[in-house]
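Colleague: Could you take me through the surroundings of the ligand in this one, and then on into the sheet next in line? I'd like one connected account rather than a list.

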Amino acid sequence: MGNFNVKIISIGHITHDVLQIFTEKPQKFGFIPGQATEISINKDGWQNEKRPFTFTSLPNDDYLQFTIKTYPLHKGVTNELLQLKKNDE
Ligand SMILES: Cc1cc2nc3c(=O)[nH]c(=O)nc-3n(C[C@H](O)[C@H](O)[C@H](O)COP(=O)(O)OP(=O)(O)OC[C@H]3O[C@@H](n4cnc5c(N)ncnc54)[C@H](O)[C@@H]3O)c2cc1C
């Protein structure tokens, strides 16, 4: 599978430390329920910091969804996700 840039459609908290993120879905992009992908943030210094997350949308949905517990103390990718907003990639 290749690399894709996708924009955030919406991002919000479902608990104090868990984010729900909806993104665009690339054309003809397929996955199996339960499958994970590696995500990085398209922002200076973060493009190569990949972390695995499981798709929480369904294969036929026209968006991708991720449900992500954040670890602000790690100063890693999940902490950086807390800064993101709509249209970030
Ligand atoms: C196949 C797979 C699918 C996953 N799917 C999801 C998902 O859908 N949603 C989700 O929220 N998470 C998921 N995870 C976990 C997620 O990848 C990590 O939470 C994420 O990588 C943390 O990144 P970070 O840069 O914020 O933290 P980093 O500090 O980079 O942490 C990297 C790894 O080290 C572990 N770690 C670091 N410090 C500690 C500590 N003090 N105590 C315990 N563990 C520590 C983290 O759990 C993490 O796995 C998945 C992991 C795998 C392997």
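Modeller: Sure, and keep in mind that this is a predicted model. Let's start with what the shell around the ligand is made of: its residues split into 6 nonpolar, 6 polar and 2 charged. There are 14 residues around the ligand, and the ones that come nearest are Arg51, Thr54, His74, Gly76 and Thr78. As for where the shell comes from, strand E4 (51-54), strand E5 (63-69) and helix H1 (77-81) each put in at least two residues. E4 gives the most, with 4 residues.

Now follow the chain from E4 towards E5. The loop between these two strands holds Asn60. Asn60 has 6 C-beta neighbours inside 10 Å, and since 12 or fewer makes a residue exposed, Asn60 counts as exposed. Its C-alpha atom is 8.5 Å from that of Gly30, although the two residues are 30 apart along the chain.

E5 then takes us from the ligand to the sheet. That sheet is open, with 3 strands in the order E1-E2-E5 and antiparallel pairing. E1 (8-13) and E5 stand at the edges with a single partner strand each, so one side of each has no neighbour in the sheet. From one strand to the next, the twist averages 15°. If you want to look at one pairing in detail, try E1 with E2 (residues 18-24): they run antiparallel over 5 bridges. You can pick out Gly12 there, standing opposite Gln20 in E2.

So E5 is the strand to keep in view, because it supplies at least two residues of the ligand shell and also stands at an edge of the sheet, with one side left without a neighbour there.

Note on methods:
Residues numbered from 1 in each chain as written. Predicted model: local features only at pLDDT ≥ 70, side-chain atom pairs only at ≥ 80, totals over all residues. Near = placed C-beta within 6 Å. Nonpolar A, V, L, I, M, F, W, Y, C, P; charged D, E, K, R; others polar. Pairing = 2+ DSSP bridges. Axes fitted to C-alpha atoms, helices over the stretch in contact; angles between N-to-C directions. Buried ≥ 20, exposed ≤ 12 C-beta atoms within 10 Å, placed from the backbone.
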